[in-house]
Amino acid sequence: QGYEYTAGTKIAMAIFTKQAATVESARITGPKDVDPTRVYGAPDEISVYAGIITEVGEKFFVHDINSYRGCSGALVFLLDGPDAGRCI
């Protein structure tokens, strides 16, 4: 693969889902009148979340993107560095 990324590398996650985020799936701990679709996007649309890599392990990395349950398997793109634009 040969990707180059370290803690601090900017990334984006592209999400497409058929179901809307709910207060429960988004684990919203604040006011219960928050509409999760205003934060996470509407179903049947592509939403892009941006963040940074906070930790890199031998076979994993950790990021600070606040996604919701059901986002596993999302495409993650590098936004800076020599491999910007590549999917990791």
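Visitor: Which residues does Asp83 touch, not counting residues up to four places away in sequence?

Guide: This is a predicted model, in which local features need pLDDT of at least 70 and side-chain atom pairs count only at pLDDT 80 or more, while totals for chains, interfaces and linings use all residues. Residues are numbered from 1 along each chain as its sequence is written, and side-chain values use heavy atoms, with hydrogens and water left out. With contact taken as heavy atoms within 4.5 Å, and with residues up to four places away in sequence not counted, Asp83 touches Gly2, Tyr3, Glu4 and Leu78.

Visitor: Is Asp83 buried or exposed?

Guide: Asp83 is found in the segment after strand E4 (75-78), where strands are DSSP runs marked E of at least two residues, numbered from the N terminus. Buried means under 20% relative accessible area, exposed over 50% and partly exposed in between, with a 1.4 Å probe and protein chains only. Because its relative accessibility is 10%, Asp83 counts as buried.

Visitor: In what order do the four strands form the open sheet?

Guide: Two strands pair if DSSP finds at least two bridges between them, and in this sheet the pairing is antiparallel. Strand E1 (residues 10-16), for example, is joined to E4 by four bridges, with Ala12 standing opposite Phe77 in E4. The open sheet has the order E3-E2-E1-E4.

Visitor: Which are the edge strands?

Guide: An edge strand here pairs on one side only. The edge strands are therefore, with pairing requiring at least two DSSP bridges, strand E3 (61-63) and E4.

Visitor: Which strand gives the most to the largest nonpolar core?

Guide: A nonpolar core is a set of buried Ala, Val, Leu, Ile, Met, Phe, Trp, Tyr and Cys residues joined through side-chain atoms within 4.5 Å. The largest one has 13 residues, of which Ile11, Met13, Tyr40, Tyr49 and Tyr68 touch the most other members. E1, strand E2 (46-56) and E4 each supply at least two residues of this core, and the strand that gives the most, with three residues, is E1.

Visitor: What distance separates the C-alpha atoms of Tyr49 and Met13?

Guide: Tyr49 has its place in strand E2 and counts as buried because its relative accessibility is 10%. Leaving out residues up to four places away in sequence, Tyr49 touches Ile11, Ala12, Met13, Ile15, Tyr40, Ile65, Ser67 and Tyr68. Although Tyr49 and Met13 are 36 residues apart along the chain, their C-alpha atoms are separated by 5.2 Å.
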